[in-house]
Amino acid sequence: MTKAVHIDIVSDIVCPWCAIGYHQLRTALDDLGMEAEIHWQPFQLNPDMGPEGQNLGEHLREKYGITPEQSRQNRDHITAVGAEQGFTFRFTDAMRMVNTHDAHQLIHWAALDGRDTEVNQAFQKAYFTDGLDVSDRDVLIKLVSELGFDADEARAILEDQRYDGAVREQMDVWRQQGINSVPAIIFERKYLVPGAAGVEQFRQVLLDVAKEQA
C-alpha cells in the first residue's frame with residue numbers, strides 16, 4: 001500500500017472549474033482506491049472586488065469580453081461537465097461575482113484541524129448550487145457552524161481578520177511559483193496539473209506518483 005499522496009489545490013471558491021477539477025480528481029482517487037492528503041491553497045480571481053460584488057454576466061463581459069450568448073454557452077457547458085461529476089451548478093442572471101478573502105480565512109482556520117476540504121466544499125456548494133453570497137459574513141458563519149465549528153469563534157476570526165496575513169502570504173507564495181490561473185493541482189509538491197484536466201489525466205498522474213513511491 002502506498003502512502004497517502006500529498007496534493008495541493010490552488011483555487012478560489014467562485015471558480016467553477018476549481019469545483020469540477022476537484023471532483024474529477026476525487027473520482028480518479030476513488031477509482032484507484034488511493035488515499036490523499038488534500039490541502040487547499042488560496043487564490044483570488046478578483047482580489048479588488050468591492051463588498052457589493054458585481055453581476056456575473058457584467059463582470060465576465062468587462063473582464064473577458066464575453067458576449068451574453070458566449071456566457072450562456074459557457075454556463076451550459078460548465079453545468080453539463082459538473083453534472084458528469086455529480087456537482088450541481090445553478091447559474092442565474094442575478095448571480096454575482098464576490099470577494100472571497102473572508103471565505104479563504106475560514107478555510108485556513110479549518111485546515112488547522114484538517115477540515116479544509118469540508119469547508120471548501122460547503123462554500124462552493126453554497127455559491128454555485130444554493131445561490132448564496134459567500135462574501136457575506138453571516139452566510140459564512142452559518143455554513144461553518146452547520147459543520148460543527150464554533151460560530152462565535154468564526155465571527156471573531158472575521159472581525160479581527162486573524163488570518164488575513166497568513167492567507168495573503170500563501171497567495172504570494174503561489175504567485176511567486178508562477179501560478180496565475182486556477183485550478184492548479186500539485187502532486188507531491190513536484191507535479192503540476194493545470195486546470196480541470198479530466199479524470200483520465202488525473203488517474204495517470206496518480207499512477208505515476210504511485211510508481212515513484214513504490
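# Exercises on a predicted model

His 108 touches Tyr 163, Ala 166, Val 167 and Gln 170 when residues up to four places away in sequence are not counted. The structure is a predicted model, and the exercises below begin with this residue.

## Exercise 1. Two histidines of helix 4

Determine whether His 108 and His 104 are buried or exposed, and describe the surroundings of His 104.

Solution.

Step 1. His 108 belongs to helix 4, which spans residues 101–111. His 104 is found in helix 4 as well.

Step 2. A residue counts as buried under 20% relative accessible area. His 108 has a value of 18% and is therefore buried. His 104 has a value of 5%, so this residue too counts as buried.

Step 3. Leaving aside neighbours within four places in sequence, His 104 is in contact with Ser 11, Asp 12, Ile 13, Pro 42, Phe 43, Gln 44 and Val 167.

Step 4. Two polar approaches can then be identified. The side chains of His 104 and Asp 12 are joined by a polar contact of 3.0 Å. A polar atom of the His 104 side chain also lies 3.0 Å from the backbone oxygen of Phe 43.

Step 5. For a sense of scale, His 104 and Asp 8 are separated by 96 residues in sequence and by 15 Å in space, C-alpha to C-alpha.

## Exercise 2. Strand 1 and its partners

Establish how strand 1 is covered, and with which strands it pairs.

Solution.

Step 1. Strand 1 comprises residues 5–11, and seven of its seven residues are buried.

Step 2. In a regular strand, side chains alternate between the two faces of the sheet. Here Val 5, Ile 7, Ile 9 and Ser 11 point one way, whereas His 6, Asp 8 and Val 10 point the other way; all are buried.

Step 3. Strand 1 pairs with strand 2, residues 36–42, in the parallel sense over seven bridges. One of the bridge partners is Pro 42 in strand 2, which faces Ser 11.

Step 4. Between these strands the chain passes through helix 1, residues 16–32, and the resulting β-α-β crossover is right-handed.

Step 5. Strand 1 is also joined to strand 5, residues 184–187, by four bridges, and these two strands run antiparallel. In strand 5, Ala 184 is the bridge partner of Val 10.

## Exercise 3. The buried face of helix 2

Explain why the buried residues of helix 2 line one face of the helix, and state what covers them.

Solution.

Step 1. Helix 2 spans residues 56–64, and Leu 56, Gly 57, His 59 and Leu 60 are buried in it.

Step 2. Seen down the axis of helix 2, the buried residues fall within an arc of 160 degrees, so they line one face. The spacing is consistent with a general rule: an α-helix has 3.6 residues a turn, so residues three or four places apart point the same way.

Step 3. The cover over these residues includes strand 3 (54–55), helix 3 (68–84) and strand 4 (96–97).

Step 4. The ends of the helix complete the description. At its start, a side-chain oxygen of Asn 55 reaches to within 3.0 Å of the backbone nitrogen of Gly 57. Just after helix 2, Gly 65 adopts a positive phi of about 70 degrees.

## Exercise 4. Backbone geometry in the loops

Which backbone features are found at Gln 161, Pro 183 and Glu 188?

Solution.

Step 1. Gln 161 has a positive phi of about 50 degrees although it is not a glycine. This residue is placed in the loop between helix 7 (151–159) and helix 8, and it is partly exposed at 25% relative accessible area.

Step 2. Pro 183 lies in the loop between helix 8 (164–176) and strand 5. A cis peptide bond with omega of about 5 degrees joins Val 182 to Pro 183.

Step 3. Glu 188 likewise is not a glycine, yet has a positive phi of about 50 degrees. Its loop lies between strand 5 and strand 6 (191–194), and Glu 188 is buried at 17%.

## Exercise 5. The nonpolar cores

Identify which residues touch the most other members of the largest nonpolar core.

Solution.

Step 1. The largest nonpolar core has 56 residues, of which Ile 7, Leu 25, Leu 106, Phe 123, Phe 187 and Leu 206 touch the most other members.

Step 2. Phe 187 illustrates this: beyond four places in sequence, its contacts include Val 5, Ile 7, Leu 25, Val 193, Phe 202 and Leu 206.

Step 3. A second, separate core of nine residues includes Val 10, Phe 43, Val 182 and Ala 184.

Terms used:
Residues numbered from 1 in each chain as written. Predicted model: local features only at pLDDT ≥ 70, side-chain atom pairs only at ≥ 80, totals over all residues. Heavy atoms only, no water. Buried < 20%, exposed > 50% of the residue type's maximum accessible area, 1.4 Å probe, protein only. Pairing = 2+ DSSP bridges. Right-handed = clockwise from strand over helix to strand, strands pointing away. Arc of directions from axis to C-beta. Contact = heavy atoms within 4.5 Å. Polar contact = N/O pair within 3.5 Å; in protein donor to acceptor, adjacent residues only side chain to side chain. Core = buried A, V, L, I, M, F, W, Y, C linked by side-chain atoms within 4.5 Å.
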